[in-house]
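Work through the following exercises with the model open beside the text, trying each task before reading its solution.

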Amino acid sequence: MKAKDIMKTAVVSIRDDSTVEQAIDLMLENHISALPVLDSGNRLVGLISEGDLIRRLRDGGAERRSWWLEMFSGEGDARDYVKTRSHRVSDVMTRDLVTVDEGTPLSEIARTLETRRIKRVPVLRDDNMVGIVSRADLVRALAQSTAGKLPSPAPEDEPLRRSVEAAIAEVPGASVNLINLIVENGNVAIWGIADSDFVENAIRVAAENVDGVRSVEVHMGRLPAWAYGI
């Protein structure tokens with residue numbers, strides 16, 4: 001399996017000229033813990049995550065050192081000052097991004113997440129972001145494994161996956177950014193969050209009605225209104 005077989009394609013992003021407050025509202029509204037940051041040309045330029053925001057809370061209340069010590073501390077502390085006090089996403093976001101392309105094998109993605117100690121990685125196609133793969137996506141792929149072997153999608157599974165994603169996007173009340181799926185030989189496995197049993201059943205029906213789908217397994221949880229970070 002490759003990145004394109006498990007990546008989330010419904011990715012919520014934010015512009016680099018937005019405010020940190022707008023980023024927080026967007027994360028809470030969509031129950032996510034990170035936002036890819038795009039420039040005016042829709043190019044990926046950074047990532048702002050809950051880690052960046054937690055750091056602001058942690059460092060914002062720190063006791064301020066005397067001015068003459070700061071004079072000798074170098075530009076590193078000046079960068080920290082900007083990241084913890086600016087209201088601009090472009091100042092707070094992480095710019096040193098790790099990315100993969102859609103043909104990257106899952107084993108390589110897993111090693112990248114582990115060695116770089118990150119939770120997610122944007123997926124690019126010709127320098128344009130087309131999805132994102134998280135640790136949770138890898139775990140879900142492993143859950144579909146048989147005898148320790150990852151599923152092997154057939155060539156026709158990729159367009160079928162796109163068709164199922166499009167069908168689910170039409171379901172009233174479905175939060176597509178909280179839903180992911182894997183297709184193997186026409187068999188669809190769907191994970192994610194649904195607001196109710198009615199929405200979960202509608203997602204199942206939408207997938208079953210796509211031509212070429214042989215079977216559908218749905219594994220949907222419920223998300224409390226106060227929770228986020230998926």
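Helices (H or I, at least four residues) and strands (E, at least two) are DSSP runs, numbered from the N terminus. The model is a predicted one, in which local features need pLDDT of at least 70 and side-chain atom pairs count only at pLDDT 80 or more, while totals for chains, interfaces and linings use all residues. Residues are numbered from 1 along each chain as its sequence is written, and side-chain values use heavy atoms, with hydrogens and water left out.

**Exercise 1. Place glutamate 184 and describe its surroundings.**

Begin with the secondary structure: glutamate 184 belongs to strand β7. Next comes accessibility, for which buried means under 20% relative accessible area, exposed over 50%, and partly exposed in between (1.4 Å probe, protein chains only). With a relative accessible area of 26%, glutamate 184 is therefore partly exposed. Finally, consider the chain path: serine 152 is 32 residues away from glutamate 184 along the chain, yet their C-alpha atoms are separated by 6.4 Å.

**Exercise 2. Characterise the chain as a whole.**

Count the elements to find 10 helices and 9 strands in the protein chain. Then turn to burial, where 42% of the 230 residues count as buried. For the contacts (heavy atoms within 4.5 Å), take those with a separation of 6 or more: residues 24 or more positions apart account for 62% of them.

**Exercise 3. Determine the strand order of the sheet that contains β5, and find its edges.**

Two strands pair if DSSP finds at least two bridges between them. On that basis β4, β5 and β6 form an open sheet of 3 strands, in the order β4-β5-β6 and with mixed pairing. The edges are β4 (100–101) and β6 (128–134), each of which has a single partner strand, so that one side of each is left without a neighbour in the sheet.

Now take the pairs in turn. β4 and β5 are parallel and share 2 bridges, and aspartate 101 stands opposite leucine 124 in β5. Strand β5 (residues 120–125) runs antiparallel to β6 and is joined to it by 6 bridges; here valine 123 faces glycine 131 of β6, and valine 121 faces valine 133 of β6. The hairpin of β5 and β6 has 2 residues between the strands, and in it aspartate 126 takes a positive phi near 55°. As a last step, check the burial of β5: 5 of its 6 residues are buried, so this strand is largely enclosed by the rest of the structure.

**Exercise 4. Describe how α7 and α8 pack.**

Axes are lines fitted to C-alpha atoms, for helices over the stretch in contact, and angles run from 0 to 180 degrees between N-to-C directions. α7 and helix α8 (residues 135–143) pack at an angle of about 140°, and their axes are 11 Å apart. Angles under 35 degrees count as roughly parallel, over 145 as roughly antiparallel, 65 to 115 as roughly perpendicular and the rest as oblique, and α7 and α8 are therefore oblique to each other. To identify the contact, look on α7 for Leu106, Ile109, Ala110, Leu113 and Glu114, and on α8 for Arg135, Leu138 and Ala141.

**Exercise 5. Which residues touch the most other members of the largest nonpolar core, and which elements supply this core?**

A nonpolar core is a set of buried Ala, Val, Leu, Ile, Met, Phe, Trp, Tyr and Cys residues joined through side-chain atoms within 4.5 Å. The largest such core has 19 residues, of which Val164, Val188, Ile190 and Ile203 touch the most other members. At least two residues come from each of α9 (157–169), β7 (179–184), β8 (187–193), α10 (197–208) and β9 (215–221), with α10 giving the largest share, 4 residues. Apart from this core lies another, of 18 residues, including Val98, Val133, Leu138 and Ile182.

**Exercise 6. Compare the settings of histidine 31 and asparagine 42.**

Most residues other than glycine have a negative phi. Histidine 31, which is not a glycine, has a positive phi of about 55°, and asparagine 42 likewise has a positive phi, near 65°. As to position, histidine 31 lies in the loop between α2 (20–30) and β2 (34–38), whereas asparagine 42 is in the loop between β2 and β3 (44–49). Histidine 31 counts as buried at 19% relative accessibility, while asparagine 42 is exposed, with a relative accessible area of 52%.
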